[in-house]
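Colleague: Could we go through this model together? I would like to begin with one residue and then move on to other topics.

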Amino acid sequence: MLSPAIVILAIISAILATTMIFAKNAVTSALCLLGVLIMSAGIYGLIGEHMVATIQLVVYAGAIMVLFIFSIMLLNLNKEETEYKQKPLVFFGVIGVGLLIGGVLFNGLFSHFKHHHDGRVLGPFSHETIQQLGGNSKVLSFALFSQYYISFEVISLALLTAIVGAVVLAKRKFD
Amino acid sequence: MELFDVAQLMAKIVFVVGLSLGVVPIMVWFERRGAAWMQRRVGPNRVGPFGLLQPLADVVKFIFKEDFTPGNANKFFYYMAPMVALIAPLCAMSVIPFGSTAIVNGHEITLQIATMDSGVIFILAFAGLEVYPIILAGWASKNKYAVLGSLRGASQIVSYEISMGLALLSMLIVYGTFNPHEMVSWQAAKYWGCVVNPFGALVFWISIFAETNRLPFDLPEGESELVAGYHLEYGAMKFALFFMAEYVAMIMASALIATLFFGGYGLLPGMSFLVNFISTNFGFGEVGMQNTKAAFEVLSLISKVAFFMFMFVWIRWTVPRFRFDQLMDLGWKILFPLSLINLVIVTLMVYVLNK
């Protein structure tokens with residue numbers, strides 16, 4: 001069912017994600033995260049969801065990760081990099097807690113799929129209806145600016161509040 | 001996928017990539033000779049007729065230079081940066097349509113590598129990725145001048161992407177679609193985008209100069225201040241990759257502005273007459289006529305791109321370089337408000353006219 005290209009991208013992104021966690025250099029970690037995001041955009045593209053893939057590239061790879069890497073470069077983390085030592089107790093503790101949380105999540109997901117696999121209710125948009133309505137981007141834009149436009153505005157207001165809050169906090173510190 | 005689909009896809013990829021890389025040596029020659037012509041000098045005229053073989057001599061020089069790597073550079077990212085620089089604009093080329101349809105063996109072929117409904121946003125995504133090679137090159141080569149150049153480059157590209165995006169948004173409102181094919185047919189049916197939205201076209205055009213790091217905005221590599229900026233530590237073919245990437249980005253930007261504002265592959269005035277003339281005189285059928293039309297459409301787009309490439313060279317030798325604070329002022333205090341006001345006006349215009 002899965003095409004080999006998707007499997008290859010998934011394996012690469014798993015390798016990059018592991019490298020991201022274990023790399024000592026902050027820029028390497030950030031670039032590996034960028035790689036994971038680009039690979040997942042590739043997977044979205046391969047399953048035919050070009051809109052999601054493109055948005056993933058624009059928002060995460062084009063904007064957010066640029067900010068990450070830019071600030072990491074400006075902060076000059078070389079000192080932390082040389083002094084950083086991995087403590088085995090903390091390391092295995094973190095892995096244990098991560099496995100526990102992952103196990104609980106996967107258990108919930110799998111039991112959900114086992115019980116509701118046959119009687120699941122699909123949304124109004126199948127691939128065919130989206131093609132009839134004129135493509136993903138059109139359907140998404142109409143839904144965003146008609147049905148959900150109040151929630152859209154509220155979310156942008158929340159972002160604005162976050163920006164203003166950050167400016168206020170930073171200003172108090174420097175004055 | 002059938003064999004024919006794979007073959008036509010490969011043919012389109014080879015055509016677009018080969019054309020955009022093959023134009024680079026010609027552009028390098030034209031950049032030098034054009035510069036000399038505009039400054040009333042002679043320019044390089046020793047190698048071959050009119051100095052046309054000069055790019056070949058450059059390539060030979062680049063290949064036989066020592067492939068030097070600075071000792072404390074971060075090797076992996078140091079080698080990755082020039083590759084990313086060339087790959088990102090080439091990927092963005094894949095959604096630019098270079099013709100309507102051609103008919104081969106009874107199959108209809110869309111003259112565009114990747115047909116997707118979010119076409120223009122895809123170009124914007126890969127234009128956004130063009131920041132990474134600059135940041136990577138500056139950071140990985142561990143040189144103060146290179147880091148300064150990459151900081152300048154990154155902040156310049158991020159700042160001008162905003163006004164570029166807003167100018168693009170105003171055009172999206174006019175066309176009501178992301179699909180470049182539909183944009184071209186809208187312009188063929190009504191007016192060119194630059195007539196409908198002249199300020200948008202102007203802002204977009206100015207922003208493109210900053211996005212491609214061309215003069216008057218080539219501060220990331222300002223020779224008199226930063227030696228060579230972010231690619232200071234790169235020599236031989238690695239530098240050549242950066243050099244090619246700059247020209248491929250220029251070609252991509254020219255094709256984008258031609259598609260959005262200047263009719264794209266739509267036939268230039270007089271060309272439809274030529275298509276009719278040729279297909280009636282040589283007795284082409286309907287298929288032959290469509291193929292002749294497609295050929296002329298490719299020619300139309302290429303001539304528009306050539307015009308904008310010429311403008312890149314012309315402006316380079318006309319306008320003096322900006323200071324960095326002037327560049328930021330232009331981006332944030334003039335172009336950003338201008339494109340925002342323009343967006344509001346275009347929205348109102350579309351609302352009133354469509355009512």
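**A residue, its chain and its partner**

Modeller: This is a predicted model. B:Asp325 has its place in helix 14 (residues 324-354) of chain B.

Colleague: Is B:Asp325 buried or exposed, or something in between?

Modeller: B:Asp325 counts as partly exposed, because its relative accessibility is 39%, and the class in between runs from 20% to 50%.

Colleague: Which side chain does B:Asp325 contact?

Modeller: The side chain of B:Asp325 is joined to that of B:Arg323 by a polar contact of 3.0 Å.

Colleague: Let us turn to charge pairs. How many salt bridges does the structure hold over all chains?

Modeller: Over all chains there are nine salt bridges. One of them pairs B:Arg32 with B:Asp58, where the closest N and O atoms are 3.5 Å apart.

Colleague: Which parts of chain B does that pair tie together?

Modeller: B:Arg32 is in helix 1 (residues 3-38) and B:Asp58 is in helix 2 (residues 54-64), so the pair ties together parts 26 residues apart in sequence.

Colleague: And how exposed are B:Arg32 and B:Asp58?

Modeller: B:Arg32 is partly exposed, at a relative accessible area of 35%. B:Asp58, with 16%, is buried.

Colleague: What about B:Glu246 and B:Arg214?

Modeller: Their side chains meet in a salt bridge of 3.3 Å, N to O. B:Glu246 belongs to helix 11 (residues 236-261) of chain B, while B:Arg214 sits in the loop between helix 9 (198-211) and helix 10 (223-226), so this pair ties together parts that are 32 residues apart in sequence.

Colleague: Are B:Glu246 and B:Arg214 buried or exposed?

Modeller: B:Glu246 is buried, with a relative accessible area of 15%. B:Arg214 is buried as well, with a value of 1%.

Colleague: Where does the salt bridge of B:Glu297 and B:Lys293 lie?

Modeller: The two residues are four apart in helix 13 (residues 286-316) of chain B, which means that about one helical turn separates them. The closest N and O atoms of this salt bridge are 3.6 Å apart. B:Glu297 is buried, with a relative accessible area of 4%, whereas B:Lys293 is partly exposed at 31%.

Colleague: Which residues do salt bridges with shared partners join into one network?

Modeller: That network consists of B:Glu31, B:Arg214, B:Glu246 and B:Arg316.

Colleague: Now the interface. How many residues of chain B are in contact with chain A?

Modeller: On chain B there are 22 residues in contact with 21 residues of chain A. The area buried between the two chains is about 1900 Å², and carbon and sulfur atoms give 78% of that. In chain B, B:Asp117, B:Tyr132 and B:Trp139 lose the most area to chain A, together 29% of what that side buries.

Colleague: Which helices of chain B each supply at least two residues to that side?

Modeller: Helix 4 (119-128), helix 5 (131-140) and helix 6 (144-175) each do so. By class, the side of chain B touching chain A has 16 nonpolar, five polar and one charged residues.

Colleague: How many salt bridges and polar contacts cross the interface?

Modeller: The rule finds zero salt bridges there, and two residue pairs in polar contact.

Colleague: Finally, how many helices and strands are in chain A?

Modeller: Chain A has eight helices and zero strands. Of its 175 residues, 19% count as buried.

Conventions
Residues are numbered from 1 along each chain as its sequence is written. Chains are lettered from A and ligands numbered from 1 in the order in which they are written. This is a predicted model: local features need pLDDT of at least 70, side-chain atom pairs count only at pLDDT 80 or more; totals for chains, interfaces and linings use all residues. Side-chain values use heavy atoms; hydrogens and water are left out. Contact means heavy atoms within 4.5 Å. Buried area is the accessible area (1.4 Å probe) that two parts lose on being put together, summed over both. A salt bridge is a side-chain nitrogen of Lys or Arg within 4 Å of a carboxyl oxygen of Asp or Glu. A polar contact is a pair of N or O atoms within 3.5 Å; within protein, one must be able to donate a hydrogen and the other to accept it, and residues adjacent in sequence count only if both atoms are side-chain atoms. Ala, Val, Leu, Ile, Met, Phe, Trp, Tyr, Cys and Pro count as nonpolar, Asp, Glu, Lys and Arg as charged, and the others, Gly among them, as polar. Buried means under 20% relative accessible area, exposed over 50%, partly exposed in between (1.4 Å probe, protein chains only).
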